[in-house]
Amino acid sequence: MPSVRGTSAPLPEGTARAPLAPKPAAAVALGLVLAAGALTGCEYTYDDGRTSSAQGTAAAPAPAFTRDPLQQDPVGEADLGDWESRALPGTTGPVVEDDAGLLAAAEVRTVRSPVLETGTYMLAIACRSQRRVTFTVSTETLTLVDLGLRCGVNRQNVIYLSTDSVLTVRVEARTAANYAFRVQRL
């Protein structure tokens, strides 16, 4: 039977032994222990604005609503002018077409402008309703704006007419709504 030596063969002159590599399982276990020890000393705190129970039992303030949904209900004919002036403030350029009104549920309204000369125009639109209102602005050959506007936000678009054109503004709403638009020359 062969014999096994207890020591390895001597190394040649000037050669050193390679250091032993740690065992992978031992390294992983050591890393987990160190990470767990580091996390036990952590504590997360935050200030939510409430007073702690040690200071007293003060009632938390009521939440502040940022938007009153009833303010999006359409206004009547008597208040339409006031709403339009707030929704579409004053302009500096000449207004070539504007309109405002009240739409019933599922109503579609179409307004045609006079012939507009070639040039650049500003289209401002606004609405007031619980739902979106769709505005479609087109010439005889091209749709310039097709927008479902979230009411409470007014919108301005710059449009360029390359030829003399008549603008057709189509407004439709699923529920009752106020609408307003203005076309002015830039």
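Which backbone oxygen lies 3.0 Å from a polar atom of the side chain of R182? In this predicted model, the backbone oxygen belongs to P89. A second backbone oxygen, that of L88, is reached by the R182 side chain at 2.5 Å. R182 itself sits in strand β8, which spans residues 177–185. The residue is buried, yet R182 has no salt bridge. D98 carries the nearest side chain of opposite charge, at 5.4 Å. A salt bridge requires the nitrogen and the carboxyl oxygen to be within 4 Å, so R182 and D98, at 5.4 Å, do not form one. Beyond its neighbours within four places in sequence, R182 touches L88, P89, G90, T91, V95, E97 and D98, together with M122, L123 and A124. Both residues that offer a backbone oxygen, L88 and P89, are thus in the contact list of R182.

The overall fold is described next. The protein contains two helices and eight strands. Along the sequence, the order is α-α-β-β-β-β-β-β-β-β. The chain has 186 residues, of which 27% are buried. Contacts between residues at least 6 apart in sequence were also examined; 76% of these join residues at least 24 apart.

Nonpolar packing was then considered. The largest nonpolar core comprises 24 residues. Those with the most contacts inside this core are I125, V133, F135, L167, V171, F181 and V183. Strands β2 (108–116), β3 (119–128), β4 (133–138) and β5 (143–149) each supply at least two residues of the core. The same holds for β6 (155–161), β7 (165–173) and β8. A second, separate core has eight residues, among them V75, A124, A126 and A180. I125 has contacts outside its local sequence with L88, F135, L147 and L149. Its remaining partners of this kind are N154, R155, A180 and F181. L88 therefore recurs: its backbone oxygen is reached by the R182 side chain, and L88 is also in contact with I125. A180, a contact of I125, is a member of the second core. A124, another member of that core, is in contact with R182.Charge pairing was examined next. Side chains of opposite charge can pair when their charged atoms come close. The structure holds two salt bridges. One joins R109 to E107, with the closest N and O atoms 2.9 Å apart. R109 is partly exposed, at 24% relative accessibility. E107 is also partly exposed, with a relative accessible area of 25%. The other bridge pairs R170 with E172, and here the closest N and O atoms are 2.5 Å apart. R170 has a relative accessible area of 35% and counts as partly exposed. E172 falls in the partly exposed class as well, at 29%.

Both residues of the R170 and E172 bridge are in contact with V108. V108 lies in strand β2. At 38% relative accessibility, V108 counts as partly exposed. Leaving aside neighbours within four places in sequence, V108 is in contact with R170, V171 and E172. V108 and V171 are 63 residues apart in sequence, but their C-alpha atoms are 5.7 Å apart. V171 is one of the residues with the most contacts inside the largest nonpolar core.

T168 gives a further view of strand β7. This residue is buried, at 16% relative accessibility. Its side chain makes a polar contact with the side chain of R112, at 3.3 Å. Outside its local sequence, T168 is in contact with T110, V111 and R112, and also with T136, V137 and S138. T168 and P114 are 54 residues apart in sequence and 9.6 Å apart in space, C-alpha to C-alpha.

The covalent cross-link was assessed last. A disulfide is a covalent bond between the sulfur atoms of two cysteines. The count comes to one disulfide. This bond joins C127 to C151, with an S to S distance of 2.2 Å. The torsion about the S-S bond is about -115 degrees, so the disulfide is left-handed. The pair links distant parts of the chain, 24 residues apart. C127 lies in strand β3, whereas C151 lies in the loop between β5 and β6. Both C127 and C151 are buried.

Methods
Residues numbered from 1 in each chain as written. Predicted model: local features only at pLDDT ≥ 70, side-chain atom pairs only at ≥ 80, totals over all residues. Heavy atoms only, no water. Helix = DSSP H or I, 4+ residues; strand = E, 2+ residues; numbered from the N terminus. Buried < 20%, exposed > 50% of the residue type's maximum accessible area, 1.4 Å probe, protein only. Lys, Arg positive; Asp, Glu negative; His and termini not counted. Polar contact = N/O pair within 3.5 Å; in protein donor to acceptor, adjacent residues only side chain to side chain. Contact = heavy atoms within 4.5 Å. Core = buried A, V, L, I, M, F, W, Y, C linked by side-chain atoms within 4.5 Å. Disulfide = S-S within 2.5 Å.
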